[in-house]
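The following exercises are to be worked with the sequence and the three-dimensional model at hand. Each task is followed by a solution in steps.

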Amino acid sequence: MMPPQITFRELTHFLTVICQGGFIKASEALNISQPSISQSIQALEAKLGTTLIIRSKKAVMLTEKGEILRRYAERTLREELALREMLSAEKKTLEGPLRVTVPPAISSICFPAIIESFCSQYPAVMLEIDECPSDRLIPRLRGGQTEIAALILPISERDLQLYPLGRDHLCLVVPDQHRLGAQKSCCLADILQERVVLLKEDFKINSFVLQAYAEHGAVPKAAGRTGDIYLLMAMVRAGIGLGIAPSALCRGEWMKGLNVLHLLSPTIGFELALATRRDRVLSPAGEAWRSVCLDHFAQSVLREGRLVE
C-alpha cells in the first residue's frame, strides 16, 4: 500500500505559516480560513509521523524535522515553478494561469485598461487577480502565491526586483460649496482641524497621510474610512468630511459636485512599481503582463504626466 502523498497545497500552507510567523497571518495572506491552514499542517505531521511546528501564543518555531521539511518544500516549489515555466516556454501561444496582485487603493482605476489590453493579446492565459494591501502583498509574493505584484513604494525588501511605473500625489477633495471649493491648491496646515474621509487603515497610502500630519504636530481627524473610491467621494459629497485620495482616483463620473485641490506643504507623493522575486524567473505570461503594464503607464505619463489615462 502506497503511503499518503504530500501535496503542493500542504507545502505552500506550511511555508506560509513560517514566513508569516503564525496561523492567523498565514490565513490572511492566503485568503483562506485558519482551520484549513491548521488541517494542512496536521496532515503533513500525520503523513510524516513527526511534529513539525511548535505552537505558542507569541510565535511558531520549527522542530529539527520541520527545518528539514522547510528546505525540501522551498526546493520542491521552486522546481515545480521552473518546470511550469520550461513547459510554457516551449509553447507558441501563451496559456495557463497567471497570478498577479494589485493594491486596492488604485486597482479599480489604473488596471481595467491594462486587463483589457492583456486579455485581448493573450486570450489563452487564465488571469487571476488579487487585491491586497501592501503588508499582505509582499508575503504573498515571497511565498509564491502571486508571481508579479504592483505595489506602492517605498519598500525596504532587497529580495524583490522593482520595475517603476510612475509617480502620483495625494489630493484634497471638497464639496463645491465648501469654503475651499473655488481653490486649486491648499496647504495641509489650513485643514488640520477639518474632519477627513480616508481610505481604509491597512492601505499604505495612509502612512503618507499620517507622516504629513505629523510634520505639523497633528493627526488626521478621520470621520470615515472606506476601501471604495466611489463610496469615499459619496461620503465627501454628503458632508461627512473632506477627502484625501490619490489624484489618479480624483477623476470620473463619481467626482460630480466635488472639487479637487493639490495638497501642499508638504506635497504627499508616492511611486508605484511592479515587483517580482529576484530569485525567480518570470514565466512568459508574467513577462507579458510586465510588458503590458510598463507600456500602459509609460503612455499615461506621456499623455498626462500621472499614473492613469
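## Exercise 1: Two cysteines

The sulfur of Cys-187 lies 6.5 Å from the closest cysteine sulfur, that of Cys-186, which is too far for a bond. The model examined here is a predicted one.

**Task.** Determine how many disulfides the structure holds, and state whether Cys-186 is buried or exposed.

**Solution.**

Step 1. Recall the bond in question: a disulfide is a covalent bond between the sulfur atoms of two cysteines.

Step 2. Apply the cut-off. A pair of cysteine sulfur atoms counts as a disulfide within 2.5 Å. The sulfur of Cys-187 is 6.5 Å from that of Cys-186, its closest cysteine sulfur, and is therefore too far away for a bond.

Step 3. Give the total. The structure holds 0 disulfides. Cys-186 accordingly takes part in none, the nearest cysteine sulfur being that of Cys-187 at 6.5 Å.

Step 4. Compare accessibility with the limit for burial, under 20% relative accessible area. Cys-186 has a relative accessible area of 3% and is therefore buried. Cys-187, with 29%, is partly exposed.

## Exercise 2: The chain and its cores

**Task.** State how many helices and strands the chain has, and identify which residues touch the most other members of the largest nonpolar core.

**Solution.**

Step 1. Begin with the secondary structure: the chain has 10 helices and 12 strands. Its C-alpha trace spans about 80 × 50 × 30 Å along the principal axes.

Step 2. Turn to burial and contacts. Of the 309 residues of the chain, 48% count as buried. Among contacts between residues at least 6 apart in sequence, 74% join residues at least 24 apart.

Step 3. Locate the largest nonpolar core, which has 64 residues. Those touching the most other members are Phe-111, Leu-172, Ile-191, Tyr-213, Met-233, Ile-244 and Trp-289. Another core, of 15 residues, lies apart from it and includes Val-17, Leu-30, Ile-53 and Leu-69.

Step 4. Take Tyr-213 as an example. Leaving aside residues up to four places away in sequence, Tyr-213 touches Leu-188, Ile-191, Leu-192, Val-196, Ala-218, Val-219, Pro-220 and Ile-244.

## Exercise 3: The surroundings of Phe-23

**Task.** Find the helix in which Phe-23 lies, and decide whether Phe-23 is buried or exposed.

**Solution.**

Step 1. Phe-23 belongs to helix 2, which covers residues 23-30.

Step 2. The relative accessibility of Phe-23 is 11%, so Phe-23 counts as buried.

Step 3. List the contacts, leaving out residues up to four places away in sequence: Phe-23 touches Val-17, Gln-34, Ile-37, Ser-38, Ile-41, Arg-55 and Val-60.

Step 4. For a longer distance, consider Ser-120. Phe-23 and Ser-120 are 97 residues apart in sequence, and their C-alpha atoms are 39 Å apart in space.

## Exercise 4: Empty space

**Task.** Describe what lines the second largest pocket and what lines the largest cavity.

**Solution.**

Step 1. Recall the principle: rolling a probe the size of a water molecule over the atoms shows where empty space is left.

Step 2. The second largest pocket holds about 230 Å³ of space. Among its 17 lining residues, Pro-104, Glu-131, Phe-203, Gly-227 and Asp-228 are the closest to its centre.

Step 3. Assign the lining to helices. Helix 5 (104-110) and helix 9 (229-237) each supply at least two residues, and the largest share, 4 residues, comes from helix 5. By class, the pocket lining has 9 nonpolar, 3 polar and 5 charged residues.

Step 4. The largest cavity has a volume of about 40 Å³. Its lining is formed by Pro-103, Pro-104, Ala-105, Pro-133, Ser-134, Ile-152, Phe-203 and Lys-204, of which 6 are nonpolar, 1 is polar and 1 is charged.

## Exercise 5: Backbone geometry

**Task.** Which residues does a cis peptide bond with omega of about 0 degrees join?

**Solution.**

Step 1. Recall the usual case: most residues other than glycine have a negative phi, and most peptide bonds are trans.

Step 2. The cis bond with omega of about 0 degrees joins Ser-265 and Pro-266. Pro-266 lies in the loop between strand 11 (258-264) and strand 12 (269-277).

Step 3. Examine Ser-265, which is in the loop between strand 11 and strand 12. Although Ser-265 is not a glycine, its phi is positive, about 55 degrees. At 43% relative accessibility, Ser-265 counts as partly exposed.

Step 4. Another cis peptide bond, with omega of about 5 degrees, joins Leu-153 and Pro-154. Pro-154 is found in the loop between strand 5 (148-153) and strand 6 (160-175).

Notes:
Residues are numbered from 1 along each chain as its sequence is written. This is a predicted model: local features need pLDDT of at least 70, side-chain atom pairs count only at pLDDT 80 or more; totals for chains, interfaces and linings use all residues. Side-chain values use heavy atoms; hydrogens and water are left out. Buried means under 20% relative accessible area, exposed over 50%, partly exposed in between (1.4 Å probe, protein chains only). Contact means heavy atoms within 4.5 Å. On a 1 Å grid over the protein atoms alone, a cavity is a set of points where a 1.4 Å probe fits but cannot get out, and a pocket is an open set with protein on both sides within 12 Å along at least five of seven lines; lining residues have an atom within 4 Å of a point. Grid points are joined across faces, edges and corners, and a volume is the space filled by probe spheres set on the points. Ala, Val, Leu, Ile, Met, Phe, Trp, Tyr, Cys and Pro count as nonpolar, Asp, Glu, Lys and Arg as charged, and the others, Gly among them, as polar. A nonpolar core is a set of buried Ala, Val, Leu, Ile, Met, Phe, Trp, Tyr and Cys residues joined through side-chain atoms within 4.5 Å.
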